Amino acid sequence: MGTPICFGILGCADIARKFCRAVGLSPNAAVVAVGSRSIDKARRFIADNSLPEGTVAHGSYEAILDDPAVDAVYVPLPTSLRARWAISAAGKGKHVLLEKPTAISAAELDRILEACEANGVQIMDGTMWMHHPRTAKMREILSDPGRFGQVKRTNSIFCFNGGAEFLENDIRVKPDLDGLGALGDAGWYCIRSILWANNYELPQTAIAFPNPVKNDAGVVLSCDASLHWEDGRVATLSCSFLAHLTMDLTVVGSKGTIHLNDFIIPFEESTAGFRFGCESWFNDLVSAWEPRPREHAVSTVLPQEALMVAEFSRLVAAIKHSGAKPDGKWPAISRKTQVVMDAVKASIDNGSQPVQIVF
């Protein structure tokens, strides 16, 4: 794969541990530096994650951006800090792999994207399931009008029960750190999956369900919403820090239906499945389905997070070594996800009033 793309990590968040493993498995990437506000914390992170000898610990985020060995940065900082450091990274010519949600708002994300475009750097958000081969297999089915028809309805759920400690202390419930709460952390995945299923055609309207659950600081802990298209398509999303772990996605077409129960993180790392039913109906006695939906399994050598790192690194290498332009697909998808999230939040803030989605 040639010379690996060299990553610097901004911060020592828990999710960065998973990223380090993904880089270690990727054939075209390496972590060369870790930055923290405490150099001792950066050193401990390097040791705890068995990063290669020679990985540099920096005592500030600025030092990562000034490190000439760093090609790209991974930014798992709290959402409220991502714009500042992603923009700074782009200004220093560093490519940006940005955790989700990418920003507090689409207006803030626009500033990030403008900085990346102005400096010719690649940006991609960290929605890992997009890179699993199962996703490509399902896309084949969704794109086949003979088997699936036209998308009519999409339902997406991501919930987990964070528990008392999480609800009291996690940054995702702090208004000054991750003020979008469950909508930003879990709802991002739901909105992305809905857009993906609908070939990234934006809905016209978002309507939050009444009575979302918020903590005393006003951060959303649980919410639901519906999305509506002009042609009658409908989608629902449900995201929560208060309910049992669920990662369900259902896409209903005019001829077929796709179901999966682990769309964000597969039940197994090496194999991921889904069910697909095509032109199902009832038997003569209306006592069973004919034909029944079939189970499909898709294997992968690398986990989805390593595939994400490998794809991002491939794009960066093409820019660095071949003069290629950044791939505009990824920032466009990120922005559409953020725009829909903005609309859902606006509907929550306005008592479940319908909000028009403007791109």
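## Burial at N199 and S352

A residue is termed exposed when its relative accessible area is over 50% and buried when that area is under 20%. In this predicted model, N199 has a relative accessibility of 51% and therefore counts as exposed. N199 lies in the loop between α9 and β8 (205–208), and its phi is positive, near 55°, although the residue is not glycine.

S352 also has a positive phi without being glycine, with a value near 70°. This residue is placed in the loop between α11 and β18 (355–356). Its relative accessibility is 17%, so S352 counts as buried.

## Helix α9 and residue R192

Helix α9 is mostly covered, with 11 of its 11 residues buried. Among them are the aromatic residues W188, Y189 and W196, together with the charged residue R192. Just after this helix comes N199, with its positive phi of about 55°.

R192 belongs to helix α9 and has a relative accessibility of 1%, so it counts as buried. Beyond its neighbours within four places in sequence, R192 contacts D125, T127, W129, M130 and Y200, as well as I333, S334 and T337.

## Packing of α9 against α11

Two packed helices are described by the angle between their axes and the distance between the axes. For helix α9 (residues 187–197) and helix α11 (residues 329–349), the axes come within 9 Å and cross at roughly 115°. The crossing of α9 past α11 is right-handed. On the α9 side, the contact is formed by G187, W188, I191, R192 and L195; on the α11 side, by I333, S334, K336, T337, Q338, V340 and M341. By class, these residues comprise 6 nonpolar, 4 polar and 2 charged.

## Packing of α1 against α10

Helix α1 (residues 14–25) and helix α10 (residues 304–322) have axes that come within 8 Å and cross at roughly 65°. Angles of 65 to 115 degrees count as roughly perpendicular, so α1 is roughly perpendicular to α10. This crossing, too, is right-handed.

From α1, the residues K18, F19, R21, A22, V23 and L25 take part in the contact, and they meet E305, A306 and V309 of α10. The contact contains 6 nonpolar and 3 charged residues, and no polar ones.

## Nonpolar cores

The largest nonpolar core has 87 residues. Those with the most contacts inside this core are F7, I9, F19, V34, W196, L227 and I258. Two of these names also appear above: F19 in the contact of α1 with α10, and W196 among the buried residues of α9.

V34 touches I9, C12, A42, F45, I46, L51, T55, V56, A57, H58 and I64, when residues up to four places away in sequence are not counted. A second core, separate from the largest one, has 26 residues and includes A83, A103, V121 and I123.

## Cis peptide bonds

The peptide bond from K100 to P101 is cis, with omega near -5°. P101 is located in the loop between β5 (95–98) and α5 (106–118).

E290 and P291 are likewise joined by a cis peptide bond, for which omega is about -10°. The position of P291 is in the loop between β16 (289–290) and β17 (294–299).

Technical notes: Residues numbered from 1 in each chain as written. Predicted model: local features only at pLDDT ≥ 70, side-chain atom pairs only at ≥ 80, totals over all residues. Heavy atoms only, no water. Axes fitted to C-alpha atoms, helices over the stretch in contact; angles between N-to-C directions. Helix = DSSP H or I, 4+ residues; strand = E, 2+ residues; numbered from the N terminus. Parallel < 35°, antiparallel > 145°, perpendicular 65-115°, else oblique. Left-handed = near helix turned anticlockwise from the far one by under 90°. Contact = heavy atoms within 4.5 Å. Core = buried A, V, L, I, M, F, W, Y, C linked by side-chain atoms within 4.5 Å. Buried < 20%, exposed > 50% of the residue type's maximum accessible area, 1.4 Å probe, protein only.
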